[in-house]
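Ready for some practice in reading a protein model? Have a look at the structure below, then work through the exercises one step at a time.

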Amino acid sequence: MEETVEDPPTSAVLLDHCHFSQVIFNSVEKFYVPGGDVTCYYTLTQHFLPRRKDWIGIFRVGWKTTREYYTFMWVSLPVDLKSESAKQQEVQFKAYYLPKDDEYYQFCYVDQDGVVRGASIPFQFRPENEEDILVVTTQGEVEEIEQHNKELCKENQELKDSCVSLQKQNSDLQAELHKKEEALETLRNTSKKLDQQAKAQKERWETELLRLKEENQKVSSENEKMGVRVDQLQAQLSTQEKEMEKLVQGDQEKTEELELLKKENSQLLLTLTQQREQQKKLEQTVQEMKQEETTAKKKQQELTDENAGLSETLSENKIICNVLQREKERLERENDLLKRENSRLLSYTGLDFDSLPYQAPTSDQGGAGQNPGLVYGNPYSGIQESSAPSLLGVKRCPTCKSGFADDLFDRAVEQQMQTLCLNCPICDKTFPAKEKQIFEDHVFCHTL
């Protein structure tokens with residue numbers, strides 16, 4: 001049975017005890033004498049099929065997972081699984097690897113999935129005493145024991161020398177670890193400098209982003225191809241392992257082919273890992289560029305909002321200007337309307353509007369007695385003042401030139417004024433002349 005440095009397959013979970021009866025351990029002693037090899041005998045049940053990486057370990061009683069083994073040995077696969085001799089198997093543990101204390105241990109059969117398939121009764125590693133057996137020694141046996149003790153002392157000294165060498169090797173490794181930590185710190189400082197240089201190169205990343213995206217797509221496609229290839233290789237490897245479990249262990253050609261496939265699989269996995277790391281770097285670069293784009297968009301949005309505010313202010317100023325323009329037009333139309341009204345009123349008195357002298361309103365004399373709704377003041381005030389000597393006693397009709405008394409003339413003019421109508425210059429709505437205030441309010445509402 002060859003020993004190997006390769007670790008056996010284990011599991012961190014304690015599995016169900018129902019699997020412990022698939023392998024039965026036979027002829028397990030209550031104790032084994034230290035310094036001698038130990039042979040473990042076991043029987044495979046008919047419902048259990050051994051595999052290539054199954055192993056038997058020595059566990060201290062009270063173990064919880066298969067990772068707590070003290071030592072182990074690989075099992076050998078029988079040539080003919082159907083024969084009766086194939087069910088009875090054994091494996092030998094060398095004395096050098098066995099425990100040196102007197103704790104209780106047990107054998108456990110573990111398959112290549114880390115599942116326990118059988119466990120033995122507990123046993124100890126301790127020397128025989130007088131209660132166990134009566135030992136009769138001769139001089140030759142004493143000499144042989146002394147010689148064996150000398151060999152054990154020599155082996156112990158060799159172990160001590162080996163321990164000193166291992167301690168020295170450990171010190172060297174610690175010194176090397178310290179150097180590597182210093183190198184790691186140097187690498188970290190270098191990484192910080194590289195980060196600063198990377199910040200300075202962000203301006204060139206915009207043009208390089210397209211190229212990185214194309215490379216990312218190529219890497220992704222190659223990654224998918226590699227993944228399919230790895231899956232195919234893994235499926236092929238699994239199929240070959242199942243076939244090899246059924247074939248003779250000594251098939252050298254199949255073993256070489258399997259090793260080649262494993263190497264190819266390892267190379268593909270290494271390539272896949274490198275490509276994934278490169279993809280992560282590319283994704284990180286893309287994420288940083290997206291953050292920069294988000295910042296630029298935020299700044300552009302701020303400028304857009306500011307532009308919208310200025311546009312809104314400009315629109316409001318335009319609206320105010322239009323309102324003022326309409327107010328000006330309204331005042332001009334109102335002025336024309338009042339002029340026409342004054343002309344009609346003056347036509348009833350037989351006077352020409354252009355021949356009347358203009359009287360500007362004053363703040364202390366004429367302004368208090370004038371109508372605030374008339375733009376050019378009261379037209380009758382100027383008439384009464386200019387024609388007072390001729391119209392004191394008699395007033396004449398503007399149509400037939402007949403003379404009337406003052407009271408009769410005023411009533412006639414009032415009746416004529418009531419028959420007049422006022423038209424809105426904006427919506428052409430008609431108002432009676434006696435509702436002049438309502439007319440002015442209506443025209444003013446158009447400016448609001």
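**Exercise 1.** Where do Arg211 and Glu208 lie, and how many residues apart are they?

*Solution.* Step 1: find helix 2, residues 205-246, which holds both Arg211 and Glu208. Helices here are DSSP runs of H or I with at least four residues, strands are runs of E with at least two, and both are numbered from the N terminus. Step 2: count along the chain; Arg211 and Glu208 are three residues apart, about one turn of the helix.

Before you go on, note that this is a predicted model, in which local features need pLDDT of at least 70, side-chain atom pairs count only at pLDDT 80 or more, and totals for chains, interfaces and linings use all residues. Residues are numbered from 1 along each chain as its sequence is written, and side-chain values use heavy atoms, with hydrogens and water left out.

**Exercise 2.** Which side chains meet Arg211 in salt bridges?

*Solution.* Step 1: recall that side chains of opposite charge can pair when their charged atoms come close. A salt bridge is a side-chain nitrogen of Lys or Arg within 4 Å of a carboxyl oxygen of Asp or Glu. Step 2: look at Glu208, whose side chain meets that of Arg211 at 2.3 Å, N to O. Step 3: look at Glu215, which pairs with Arg211 at 2.6 Å, N to O. Glu215 and Arg211 also both lie in helix 2, four residues apart.

**Exercise 3.** Are Arg330 and Glu327 buried or exposed?

*Solution.* Step 1: learn the cut-offs: buried means under 20% relative accessible area, exposed over 50%, and partly exposed in between (1.4 Å probe, protein chains only). Step 2: apply them. Arg330 has a relative accessible area of 6%, so Arg330 is buried. Glu327 is buried too, because its value is 18%. Step 3: for contrast, Arg211 at 39% counts as partly exposed, and so does Glu208 at 28%. Step 4: check the pairing; the side chains of Arg330 and Glu327 form a salt bridge of 2.5 Å, N to O, within helix 3 (residues 252-349).

**Exercise 4.** Why is strand 7 largely enclosed by the rest of the structure, and which strands pair with strand 7?

*Solution.* Step 1: strand 7 covers residues 104-110, and six of its seven residues are buried, so this strand is largely enclosed. Step 2: trace the partners, remembering that two strands pair if DSSP finds at least two bridges between them. Strand 4 (residues 55-60) pairs with strand 7 in the antiparallel sense over six bridges; one partnership is Gly57 with Cys108. Strand 9 (residues 123-125) is an antiparallel partner over two bridges, including Tyr105 with Phe123. Strand 8 (residues 116-119) also runs antiparallel to strand 7, joined by three bridges. Step 3: find the hairpin that strands 7 and 8 form, with five residues between them; Gly114 in the turn has a positive phi of about 80°.

**Exercise 5.** How many residues are in the largest nonpolar core, and which strand supplies its largest share?

*Solution.* Step 1: a nonpolar core is a set of buried Ala, Val, Leu, Ile, Met, Phe, Trp, Tyr and Cys residues joined through side-chain atoms within 4.5 Å. Step 2: the largest one has 21 residues, and those with the most contacts inside it include Phe25, Phe107 and Phe125. Step 3: strand 3 gives the largest share of this core, four residues. Step 4: apart from this core lies another, of nine residues, with Trp55 and Val110 among them.
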